[in-house]
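New to this one? Take a moment to look it over, then use the notes below as a guided tour.

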Amino acid sequence: MADGMHRVDLNTCDLEPIHIIGRIQSFGWLLSFSSDWIINHVSANCEDLFEVSPRDMVGLPATQFLSPNALHDVRTRLQILGGASTVERVFEVDLRGDGRLFDMAVHVSGRSYVLEIEPHEGGRRRDFVSYVRPMIDRMRQSTSIEQLCASAARHLRGLTGFDRVMVYRFEGDGAGEVVAESLNGMVDSFKGLHFPASDIPAQARRLYTRNLLRIISDVDDPTVEIHPTTDPNGDPLDLSMSGLRAVSPIHVEYLRNMGVKASMSVSIIRRGKLWGLMACHHYSPLRLSYSVRTASELFGEFFAYLLEQKETDFALAQRTASMRLHDEMMSRVAAGGSLLEAFEDFSDSIARVIPFDGVIGWVDGQFRSHGSVPNQVQFSELARFLNTAGASTVWSTDAIGSVFAPAREWSDRAAGLLALPVSRSPRDYIVLFRREQLREVNWAGNPEKSIELGPLGARLTPRKSFEIWKEERRGHSRPWTEEETLAADALRITLLEVVLRLADAVHAEREQATRQQDVLIAELNHRVRNILNLIRGLVTQSKEGAATIDEFAEIVGSRIHALARAHDQVTLKDWTPSSLYDLIRTEAAAYAAGNADRVAIDGPDALIAPSAFTTLALVFHELMTNSCKYGALSDSRGTVTITLSRDDDGSLEIDWREADGPPVKTPTRRGFGSTIIERTIPHELGGSASVIYPQEGLKALFLLPAEHVASFETPSPSEHPPAVDMAVSDGLAGALKQGTALIVEDNIIIAMEAEDVLRGLGFADCRIAGSVSAAMALVETGQVSFAMLDINLGRDTSEPVAHALEERGVPFIFASGYGERSLLTGTFKDAPVVTKPYGEREVRAAIARLHKG
């Protein structure tokens with residue numbers, strides 16, 4: 001633009017050909033080849049990979065440079081490639097047949113195929129995609145769009161490690177607002193700031209719609225040229241779908257002005273349109289592997305799905321309110337009369353669905369008004385304008401004075417309006433008004449860019465300051481939302497129906513409206529059912545009998561813990577037969593700790609085969625919890641006697657009897673717990689089960705075939721664990737929570753669960769580290785007052801962190817997926833251990849043991 005032949009304005013950035021930039025980022029290599037595998041473009045750094053000059057590679061078959069296995073993988077991906085806006089990826093490919101592994105992506109560019117190659121992230125084989133589903137499960141619990149966006153930012157930062165992750169929503173004019181963010185605690189917040197449309201030009205927004213993920217690993221990367229610059233027809237290579245595509249110099253300058261060294265964006269596509277971005281910033285170079293980027297892209301697509309679900313739920317609620325309004329208004333005119341005769345009643349009903357400050361009814365030349373509105377003379381002039389602006393459709397604006405000059409005379413009474421035509425001809429209206437609302441908009445720097453002589457010539461130079469720049473907006477009302485406009489359109493149809501009914505022509509119109517409503521409701525029901533089916537498998541079997549969410553979570557959690565305890569008991573025995581006495585005692589300690597002496601076991605101990613042990617664990621878990629809730633252990637007097645005996649054929653008979661508890665009644669329904677008790681042993685182990693409910697106490701008799709019983713032994717003495725003093729635990733947590741609680745865990749989902757547990761115990765400042773180096777950096781700050789350490793961190797252990805904490809006198813506990821025997825020896829054999837899966841009760845007990853130690 002420096003030659004002065006082009007006008008420089010806010011459209012200048014929109015003209016930059018960022019998709020044919022002719023360079024790639026240097027952390028990868030690029031090959032482009034035709035349908036007959038002839039190379040037509042090569043990145044200049046390919047000589048390092050293929051040991052052939054890029055100029056010499058052009059015109060040769062690509063098959064000459066790829067190993068047979070790599071060729072097979074590429075051909076397979078080409079076979080399933082969906083189209084011009086899809087990318088296929090393949091991981092851990094021996095590209096050259098020399099043992100070096102690479103990750104690759106292939107996509108269509110014009111009449112060519114583009115192959116992008118990156119080094120495989122060796123030594124860190126982790127299925128990041130598997131993290132996405134539990135993240136989405138947690139996000140489903142969000143009760144609002146705002147909460148959903150905040151949760152998405154937090155989870156994506158946990159997955160990628162960026163310093164700042166923002167959810168950025170586009171407005172109608174292309175400007176945007178940061179509606180949610182997650183920070184590492186050391187960077188400034190951008191939440192609530194607005195950015196002008198020119199910050200993300202139109203052609204960039206179009207690319208975001210096609211290519212859902214964009215990574216910039218280092219803004220100071222010199223990048224690599226693509227050879228040749230153009231094809232024989234003079235056309236440069238289109239890199240719209242490229243993951244390696246170099247960055248626009250204007251955008252590089254923009255990021256440098258922000259102090260950002262690396263960035264990533266994940267597009268949020270809603271109903272085929274760009275709703276917004278998950279924008280990520282890092283203040284040092286950061287290269288993410290293909291696997292992490294693939295997981296991030298998948299996460300973004302699922303987030304967009306949940307976002308649409310939330311918006312659909314809200315729209316359904318709004319639609320339901322509109323339908324109620326429709327029924328209410330129709331009932332009021334059923335006996336006859338005119339629309340304006342019931343105008344104030346109608347106004348009150350409308351206000352419950354669409355808030356307003358004033359309303360005017362203009363029907364057959366008659367004028368009715370309520371609230372803050374222009375007078376009749378002023379409105380008659382406005383009505384003629386509406387005849388041209390919003391005939392036969394709902395029309396709205398939050399600044400009527402900007403499009404209809406006479407409205408500035410009555411701006412003190414109304415600044416925004418929403419007009420609903422209520423007749424076939426454009427002359428009758430119900431118009432809602434809103435007063436002026438002074439609004440302060442916070443921009444990230446001055447949005448009015450000026451032309452400057454920048455390093456790339458005369459153009460709109462990116463802002464050098466992103467400090468808050470406040471703009472006071474006058475002449476505007478509170479905006480009309482899309483949901484309110486949709487509700488108004490439904491209301492318009494209702495009002496038309498009212499008019500038609502009063503004109504004795506309503507019957508056919510109302511039937512049509514009813515059919516449309518039925519179709520909409522059916523479609524919404526279909527979508528909701530599809531969404532519910534996604535999670536049905538997780539809740540179906542355990543939802544019976546749960547009155548609340550917390551009770552449901554407790555039921556599911558307790559069953560999982562019962563299986564975990566059984567699993568630990570089996571693994572402690574190296575997967576050899578385990579003691580049934582120990583199983584019963586463990587369940588009694590877990591759910592009847594204060595009443596364990598009222599649970600008596602008689603007869604020989606039976607060593608149960610591992611294949612049957614977890615089945616019996618579930619059965620005894622249900623028996624014990626039912627007794628604690630409803631049976632003999634639910635009061636202070638009842639007892640449970642469990643008698644084990646050996647039959648002649650070597651089978652095991654288990655006799656469970658409850659006595660001296662509250663009177664028992666036969667249940668009127670069978671829940672999932674009853675199904676476990678009565679059917680699991682017969683169905684899974686080929687035994688039998690009988691349960692009766694006499695008034696004096698439940699009786700159950702089970703027969704376990706001999707094939708599941710290894711032997712019968714003399715029972716070992718009972719060892720009741722000491723009761724945990726929860727007051728001591730709470731006191732210790734209170735002393736520690738003033739500092740930072742360190743969570744060392746390499747699985748982000750488990751780490752966030754641990755964070756929730758510690759916050760529930762009162763720890764306000766929780767920090768998560770996924771590696772030894774990250775944990776040590778936090779320990780060295782001197783702010784850590786308590787730590788919870790996962791024993792195994794991939795190829796490393798948390799032992800160095802434990803030593804560092806011990807040297808500083810910082811208390812800590814271990815978390816283990818191997819059971820407590822993983823630390824039976826060694827320096828920290830006496831350290832408290834919680835076994836996965838764990839909950840708040842187990843962590844609280846570990847803290848109490850820590851204090852006692």
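Here is a short briefing, grouped by topic.

Keep in mind that this is a predicted model. The protein chain has 853 residues, and 49% of them count as buried. It holds 21 helices and 37 strands, so the points below pick out just a few spots, as the definition of numbered helices and strands lets us name them.

**The chain as a whole**

- The accessible surface of the protein chain adds up to about 40400 Å², and carbon and sulfur atoms account for 51% of that.
- If you take the contacts between residues at least 6 apart in sequence, 66% of them join residues at least 24 apart.

**Strand β7 and its two partners**

- Strand β7 covers residues 164-170, and six of its seven residues are buried.
- One partner is strand β13 (residues 273-282), which pairs with β7 in the antiparallel sense over six bridges.
- In that pairing, Val167 sits opposite Met278 of β13.
- The other partner to look at is strand β8 (residues 176-183), again antiparallel to β7, over seven bridges.
- Here Phe170 faces Gly176 of β8.
- β7 and β8 make a hairpin with five residues between them, and in the turn you'll find Gly174 with a positive phi of about 95°.

**Helix α7 and the loop before it**

- Ser240 is in the loop that runs between β11 (224-227) and α7.
- Is Ser240 buried or exposed? Its relative accessible area is 3%, and buried means under 20%, so Ser240 is buried.
- The side chain of Ser240 also makes a polar contact of 2.6 Å with the side chain of Asp238.
- At the N-terminal end of α7, Ser248 acts as a cap: one of its side-chain oxygens lies 3.2 Å from the backbone nitrogen of Ile250.
- Helix α7 itself spans residues 249-258, and its buried residues include Ile250, Tyr254, Leu255 and Met258.
- Just past the helix comes Gly259, with a positive phi of about 85°.

**A sheet of three strands**

- Strands β23, β25 and β30 form an open sheet in the order β23-β25-β30, with antiparallel pairing.
- Its edges are β23 (578-579) and β30 (709-713), each of which pairs on one side only.
- β23 and β25 (residues 605-608) are joined by two bridges, and Ser579 has Leu607 of β25 as its bridge partner.
- Helix α15 (residues 610-629) lies across β23 and β25, at about 115° to β25.

**A sheet of five strands and its helices**

- Another open sheet, this time with parallel pairing, has five strands in the order β32-β31-β33-β36-β37.
- The edge strands are β32 (765-769) and β37 (833-835), and each pairs on one side only.
- From one strand to the next, the twist averages 20°.
- Within the sheet, β33 (residues 784-790) and β36 (residues 812-816) pair in the parallel sense over four bridges, and Ala787 stands opposite Phe812 of β36.
- Helix α18 (residues 748-760) packs on the sheet and touches β31, β32 and β33; its direction makes about 160° with that of β32.
- Helix α20 packs on the sheet too, touching β31, β33 and β36, and its direction makes about 155° with that of β33.

**Thr740, a residue to zoom in on**

- Thr740 belongs to strand β31 (residues 740-744).
- With a relative accessible area of 6%, against a cut-off of under 20%, Thr740 counts as buried.
- Which residues does Thr740 touch, leaving aside its neighbours within four places in sequence? They are Asp765, Arg767, Gln783, Val784, Ser785 and Phe786.
- With Asp765 there is also a polar contact of 2.8 Å between the two side chains.

**Helices α19 and α20 side by side**

- The axes of α19 (residues 772-779) and α20 (residues 799-807) come within 9 Å and cross at roughly 10°.
- Angles under 35 degrees count as roughly parallel, so α19 and α20 are roughly parallel to each other.
- On the α19 side, the contact is made by Val772, Ala775, Met776 and Val779.
- On the α20 side, Pro800, Val801, Ala804 and Leu805 make the contact.

How values were computed: Residues are numbered from 1 along each chain as its sequence is written. This is a predicted model: local features need pLDDT of at least 70, side-chain atom pairs count only at pLDDT 80 or more; totals for chains, interfaces and linings use all residues. Side-chain values use heavy atoms; hydrogens and water are left out. Buried means under 20% relative accessible area, exposed over 50%, partly exposed in between (1.4 Å probe, protein chains only). Contact means heavy atoms within 4.5 Å. Accessible areas come from the Shrake-Rupley method with a 1.4 Å probe; for residues, only the protein chains shown count as cover. A polar contact is a pair of N or O atoms within 3.5 Å; within protein, one must be able to donate a hydrogen and the other to accept it, and residues adjacent in sequence count only if both atoms are side-chain atoms. Two strands pair if DSSP finds at least two bridges between them. Axes are lines fitted to C-alpha atoms, for helices over the stretch in contact, and angles run from 0 to 180 degrees between N-to-C directions. Angles under 35 degrees count as roughly parallel, over 145 as roughly antiparallel, 65 to 115 as roughly perpendicular and the rest as oblique.
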